[in-house]
Amino acid sequence: MRRSIALAASVLVGCLALASPPPVVGQAPLAAPAAVVPLTDAQQRLLAALLAAGTDADRDAAIAAAGADATAAVVAAALDAGLARRRGADTDGSNAAFQAARALAAALGLGRDEARAWMQLAQNASRQGRLDAASAALDAAERVSAAAGDTPTLAAIVGNRGIVARMRGDFDTAAQHYLEAVRLSEELAQPAMQASALNNLGNIHMQRGDYASALDALQRSQAIKPQNDLTKARTMGNLGVVYSAQGDYDLAIAAYERQIEMLTALGEHAEQGMPLLALGVTLRDAGRVDAALEVFARAEAIMRASQNTFDLQTLMLERGQAHLQAGHLREAEADFTAAVEQSRQIDDDKAGMATAHIMLAETRLALGQADAALTSARAGLDLARAIGSQIVVDDAWAIYGRVLARLGRHAEARVAFDASIDEIERQRATVAGDDASRSRFLADRLRTFHDAIDLFDRTGQPELAFAYADRARARGFVDVLTRGRVDLSAALTDEERREEQRLEQALADVQRAVTVPTVPGTLGADPPPASDAVSSARLALSEFRIRVAARHPRLRLATAAARPLRPADFASVVDAATVVAAFSVLPTRTRVTILSRGSAATPVASVTYDVAITHEQVERDVEAFRAGIASRDLAVSAQARRWYTQLFGRAPAAFARATRMVVVPDAHLWDLPFQALQDARGRYLVERMAITYAPSFAALQELNRAVTTAPAPGMAPRLALVAFGNPAPVAGGGAVLPEAANQVSAIARLYPASQVHVATEGAVTEAAVESWAPRARVLHLATHGLLDEASPMFSWLALSAEAPGATDDGRFEAREMLRLSLTADLVVLSACESARGAVTAGEGMIGLAWATLVAGARNVVVSQWKVDAAATERLMVAFHRRVASPTGTAPRVELASALRAASLDLLAAPETRHPFYWAGFALVGAGWMPAQPAR
C-alpha cells in the first residue's frame, strides 16, 4: 500500500504535544519564569530532595523541613528541570520534576504554577499513551485554575482536551474543543494559544481527509504573530503531512527538513522523532524505500530514548509498510503485530488499532493467510468507521474488498471496492492547489480501481472492468472539461498578487542565469540539473499557489463525479471506420480493450485480453524503443513488430475495416509512438490508419463536446492562424532556428492573409503569446523545447527573453500555459519532446501537452523526441496545407488524417523514411475540428 494511512491517522499526534498555559501558551513546553536571584544552597537542597522524592508524603516532608526556603523560585526551577529532562529524553526524570513543582506550588498557594505543572504531566502521559492519566491531570489543572480564576489557563486546557480526544480517535469532540479554543484565545488576545488551536484543528481536518480545510487552518496558524517558535515548527511539519497526502512529495520533504532545522535550533532533540518519521514516510511513498528505512532508524533511536510509546507505535506501522513495499513480508508482519500489541497499551487508541489491523490484514493476505486476513480487515474496518477517520476508512474498505475477492465472495467485494472509491472521490473534492496539483491526487490511490478491474475480469464482466479503468484515468483533466479550470489568479487579493509577482520575479532571476545548450539540427535542448536556487524558487512558488487555493473555498469545488459509461457513449465514438484501443498497465499485466463497430443488435463489439507485460517492463521496453527511434537506429523494426504483435495481434478482425484509431494509453504507453508500430508484413500502423491519442474515453467525449460547442456570445471572432517562430535571442543562450522562421512563414501563406498573425525573432515574447494565443483558432509555436522530467510543469518553450529584472525570462513553461484561456481548435507545439513529461499514474503524461489541453485547446500536436528541424518544417507545412484547405465538402477537418497524410509524405521519401523523421509528432485530443471557423 503505497499511500500512508498511519501517517495520516497518527503521525501528527506526536507533533502536537499538549499545550501549556501562559506566559508561553499553545503547544510549547512550559518556559518557567526566570528566578530573580540564583537559588541559595538551602533552596538547591530542597530542589534536590523534591526531585528525589518518590511519593507525595516524601515531598510534603521535604517542603515542611525547608520552611522559609520553600519559595516560588524553587517552583520555577523545578518546572525548568522538568522541561530540560524531557528535552534530554528522560521522561521519568521529567515527571519527577513536574511532580515536585506541583507539590510545592500547591503548598505555597501558587495556583497558576500548580496548573502548569499538571499540564506538563498531562503532556508526558500523552506521549506515553496513558490517555486516562493525561485526562486526570487536565482535570486537576482545571480545578486549580477555576479556583484561582485563571481564565487563560482554562482556555488552554480546552485545547489540550481536544488533543486527548483526537488521540482517542474521537475527532468530532476534538474539533469542538479546538474551535472553542480558537474562540477563547481570540477573546483573550492570546495569539500563541490561537496559533496552537488552529494547528490542531488543521490536524483534525487532515485526518478527516479534508485537505483544503487543513491547509487553510494551518496557514492561518502560521500567519499569527507573535507565536511560540515550537508551535511554528510543528505547524511546518503538519503542512508537510498535507502536502504528502496530496502527492506533493517535494514540498513535503522540504517542509519536514525545515521543521527539523527549526527543532535543532531550539535544542528540541526529543521532538525530532516524529518529523524524522514523517520524512521517512514521504521518502517511502515517493519510492525511496532504502532511504526511508535509514530515516526510520534515526527516528526509532530518539523515540526509544524518550520512552514515547505513542510515536513508537506509529513508527512500527510506517516501517512495516516500507517492508511490505520492499517485499519483506515477515518483517512487515512482525512490525504490524507489534503495533497491534502496542495499541493495546495506549488508552482507547482506536485510530492506531484500526491502522494496525488494516496493515496486518494486507500482510497476511500477501502471505496467503486469507482467513486470518479477513479477521484483521473486519476489525480494522469496524474501528475505522467508529472513529470517522475517512482516510483510514477508504483503505479499510479497500483491503476488506481484496480479502473478500480472494475468498471468492465477489458481490461483497464489489460493495467494498465501491465504498472505498466513493470515499476517495469525496476526499478528491477537498484537494487544494491548481489543476496540476489536483491531477496528482489519484496517483497513489489507484490500487482499489485496479482491484475492481481484476474482480470484473475474473467474473466475466469486461464492460464494467473497462468502465472502472476509464474512471481512474485523467480525472483531473475531465474535471476541467466538465466543471471548468481552477483559476487561482482570478481569486488573488492585492497582497497575494504582489507576493506571487515577487516569487515569479525571484524564479525568473535565477532561471535567467542558467545557460541551456541546444542540440544542433533539432528543436530541442539538453537541460542541466536544476540548481539549488532554481529548485528553492520553484518550491516556494508551488507552495504559495497551493496555500492560495486553500484560502479561497470556491476554488475547491471544481471536481466532477464520475458518470458510469453507457452503451450509447461507445456508439457515439465508434463508427464503421473507427476503433478505440484502451490500455490499463497494471502491476503484473497490461490489459487491452479494443472497441469496434459491431452488428445491428450489438452496435459496439468489444475484445478484451491481457498481455504479459508488467508495469516495470512497459516502462523499460517503451523507453528502449523510443530511444532507438530517436537515435535513428536501423534495427528498431524488430521492436516495432514485437510491440504490434503484443498489443494488437489478438484483434485482427477489429482492424479489418478501420481507417481511424483512437489510442487511450496508460502509464508509460504514453511514450510509445503507436504510429511507428509495424505489423507482420512490415507496414507501419500509420500506413493503415490515422491515429489520435486521448487521455480517457470520458475525456474524449468531453473534447468532442467542446469542439461542437460554439464560443460564448459576444466573443470576438477568432483568427484563422496565430503563429510564432524562431524567437531571438533564444532564452537560455540557445541557437536561433532559421527553419522555424521558414516554417511559420510558409504555414502563414496557406491561410487567408487577413486572418493571420505571425511573429518571429524579438516579437516572440511571453507577453505576445499571452495576448494573441486566446484569439487563435489555430495556434502554432515553432521554437526550441526543453523537457524537465523532474518537474514537468516547468518544461518550457523558448521565447525571446526580456532584459534582466523582468519576469518575462523567455521560458514559456507548462505551468504558464495553464493561465491562458484558449479557444483554439488546434494547437501545434512544433518543438522537441513537447508530448513528454512525467507519467502520473491515472492522469497520464503531465507536461506541456496536458497543460495546453487544460488551457482550453481541443487538439494539440506534440513531439515525442528531439525532432529534426528540417524534416519538421516539411511535415508541418504538409499538415497545415490539409488543415487550411480540406478537400471535399465535409463539415469537419479530420486532423488525424491530415497528420497521417503529412507523415506519409515523408515516409515516401528515401532520405526521411526512418520513423525518426516522420513519427515524432502525435495528435492528442478530439481528432477533428469544424471545417468552417465558429465565432
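These notebook entries record what I looked up in a predicted model.

**Entry 1: helix 5**

I began with helix 5, residues 91–108. Its 18 residues should span 26 Å at 1.5 Å a residue, and I found its end C-alpha atoms 26 Å apart, which agrees. I then looked at burial: 13 of the 18 residues of helix 5 are buried, so this helix is largely enclosed by the rest of the structure. At the start of helix 5, I noted a side-chain oxygen of Asp90 within 2.9 Å of the backbone nitrogen of Gly93. At the other end, Gly109 follows the helix and has a positive phi, near 75 degrees.

**Entry 2: helix 11**

I turned next to helix 11, which covers residues 211–223. The distance from its first C-alpha to its last is 18 Å for 13 residues, close to the 18 Å expected at 1.5 Å a residue. Helix 11 is largely enclosed by the rest of the structure, because 10 of its 13 residues are buried. I listed the buried positions as Tyr211, Ala212, Ser213, Ala214, Leu215, Asp216, Ala217, Leu218, Gln219 and Ser221.

**Entry 3: nonpolar cores**

I asked which members of the largest nonpolar core touch the most other members. They are Phe648, Phe674 and Phe879, out of 113 residues in that core. I followed Phe879 further, leaving aside its neighbours within four places in sequence. Phe879 is in contact with Leu826, Val828 and Val861, and also with Leu895, Ala898, Leu899 and Ala902. A second core, separate from this one, has 62 residues, among them Leu83, Leu138, Ala165 and Ala195. As background, I recall that nonpolar side chains tend to be buried together in soluble globular proteins.

**Entry 4: salt bridges**

The count of salt bridges comes to 41. I examined three pairs individually.

Glu180 forms a salt bridge with Arg183, with 2.5 Å between the closest N and O atoms. Both residues lie in helix 9 (residues 171–187), three residues apart, about one turn of the helix. Glu180 counts as partly exposed at 31% relative accessibility, and Arg183 is partly exposed at 38%.

The side chains of Asp418 and Arg414 also meet in a salt bridge, at 3.6 Å from N to O. These two residues are separated by about one helical turn, because they stand four residues apart in helix 21 (residues 410–428). Arg414 is partly exposed, with a relative accessible area of 32%. Salt bridges that share partners join Asp454, Asp457, Arg589, Arg591 and Asp610 into one network. For the spacing within a helix, I noted the general rule that an α-helix has 3.6 residues a turn, so residues three or four places apart point the same way.

Are the partners Asp285 and Arg284 buried or exposed? Asp285 counts as buried because its relative accessibility of 2% is under 20%. Arg284 is likewise buried, with a relative accessible area of 0%. The closest N and O atoms of this salt bridge are 3.0 Å apart.

**Entry 5: positive phi in alanine**

I looked up two alanines with positive phi. Ala189 has a phi of about 55 degrees although it is not a glycine. Its place is in the loop between helix 9 and helix 10 (191–207). Ala189 counts as exposed, because its relative accessibility of 59% is over 50%.

Ala667, also not a glycine, has a positive phi of about 50 degrees. I found Ala667 in the loop between strand 4 (660–664) and helix 32 (685–688). Ala667 is buried, with a relative accessible area of 8%.

**Entry 6: two single residues**

Where is Tyr256 placed? I located Tyr256 in helix 13 (residues 249–266). Tyr256 is buried, with a relative accessible area of 1%. Its C-alpha is 5.4 Å from that of Gly237, and the two residues are 19 residues apart in sequence.

Ala763 lies in the loop between strand 7 (756–760) and helix 35 (766–772). Ala763 counts as partly exposed, at 41% relative accessibility. I recorded 8.6 Å between the C-alpha atoms of Ala763 and Phe724, which are 39 residues apart along the chain.

Notes:
Residues are numbered from 1 along each chain as its sequence is written. This is a predicted model: local features need pLDDT of at least 70, side-chain atom pairs count only at pLDDT 80 or more; totals for chains, interfaces and linings use all residues. Side-chain values use heavy atoms; hydrogens and water are left out. Buried means under 20% relative accessible area, exposed over 50%, partly exposed in between (1.4 Å probe, protein chains only). The expected span of a helix is 1.5 Å times one less than its number of residues. A nonpolar core is a set of buried Ala, Val, Leu, Ile, Met, Phe, Trp, Tyr and Cys residues joined through side-chain atoms within 4.5 Å. Contact means heavy atoms within 4.5 Å. A salt bridge is a side-chain nitrogen of Lys or Arg within 4 Å of a carboxyl oxygen of Asp or Glu. A polar contact is a pair of N or O atoms within 3.5 Å; within protein, one must be able to donate a hydrogen and the other to accept it, and residues adjacent in sequence count only if both atoms are side-chain atoms.
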